[in-house]
Amino acid sequence: MNMIQAINSAMDVTMQRDDNVVVFGEDVGYFGGVFRATAGLQKKYGRTRVFDTPIAEGGILGTAIGMGAYGLRPVVEVQFADYIYPAFDQLVSEAARLRHRSAGQYWAPLTVRSPCGGGIFGGQTHSQSPEGIFTHVCGLKTVMPSNPYDAKGLLIAAIEDDDPVIFFEPKRLYNGPFDGHHDRPLKSWAGHALAEVPEGHYRIELGKASIVRPGNEVTVLCYGTMVHVCLAAAEESGVDAEVIDLRSLLPVDLETIEASVKRTGRCVIVHEATRTGGYGAELSAMVQEQCFWHLEAPIERVTGWDTPYPHALEWDYFPGPARVAAALKRTMETA
């Protein structure tokens, strides 16, 4: 399966198991979604469980919160992460606070799916990675998979979770892994071990990271598309890096991070989003707080730049394997 098919399968499986799961959003019904992630679901489950909405993200999320409070499990698609901002107030002021403000009487078991990230020449309005904004909000969970197997297992767990989950999908990974070498032929998921996705139900617990490359010299913390970039950088740099795919940003697997950094003594953090105030800053603070006496070099961050995502200069903005490899080498040179 590719990543789109895995995401579709996750929704299909949960809709089969629970009649309360409903899917809606912009073009998700008859059209099957702009990336076809919901293809065939309306035909199978009908227009009352899979339906289109107006282009009104605040209204979509407000409706989903009400549905969740009344016992449904809405799975909402915001067509691009860049357009999730009009729904921000509903997510922060309502969905994230509902369980607390009602003393547990109501909650909002909703999942917001949204394609994110660059690498497709989408320009500044179709390439953003706003995950760091949502990790700041108590009451929301934030997830970003890097491969089809994880995408299905994490999405099923998100849909079945009783708290609101923001599920970001790196669109550059939909049809194949991407190592950041844009000048090389495209790869598909065919033959990749993590494209072997079971047809039925399985869950990957939110808040559990995956060590995708064991190593002894430096710990690399990453997620989404950057997982594949970091794997390429480790091979090309010759640095024996341990690459950790966080998968879930909130809750985050601090236990795995701490154990790895204390063993390697070095840490490089990589994400595609803007540097200032990005999620890497929080990761850096956590590593410094928990592992200070074990660190043998300053923590490095490799990120997008503090600019709108450019169109013509996309690959100068995108944190590619050369930039990551340079950071790995720098941290190894520090005594």
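Helix α8 is mostly covered, with 9 of its 12 residues buried (under 20% relative accessible area, where exposed is over 50% and partly exposed lies in between, using a 1.4 Å probe and protein chains only). Keep in mind that this is a predicted model, where local features need pLDDT of at least 70, side-chain atom pairs count only at pLDDT 80 or more, and totals for chains, interfaces and linings use all residues. Residues are numbered from 1 along each chain as its sequence is written, and side-chain values use heavy atoms, with hydrogens and water left out.

**Helix α8**
- α8 covers residues 226-237, and helices here are DSSP runs of H or I with at least four residues, while strands are E runs of at least two, numbered from the N terminus.
- From first C-alpha to last, α8 reaches 16 Å, close to the 16 Å expected at 1.5 Å a residue (1.5 Å times one less than the number of residues).
- Among the buried residues of α8 are M226, H228, C230 and S237.
- The buried residues of α8 pack against β7, β8, β9, β11 and α12 (contact means heavy atoms within 4.5 Å).
- Right after α8 comes G238, which has a positive phi, near 80°.

**The cavity**
- The count is 1 cavity of 30 Å³ or more (on a 1 Å grid over the protein atoms alone, a set of points where a 1.4 Å probe fits but cannot get out).
- The largest cavity has a volume of about 80 Å³ (the space filled by probe spheres set on the points).
- Its lining (residues with an atom within 4 Å of a point) includes M226, H271, E272 and A273.
- β11 gives the most to that lining, with 3 residues.

Definitions and conventions:
1 Å grid on protein atoms, 1.4 Å probe; cavity = no way out; pocket = protein on both sides within 12 Å on 5 of 7 lines; lining within 4 Å.
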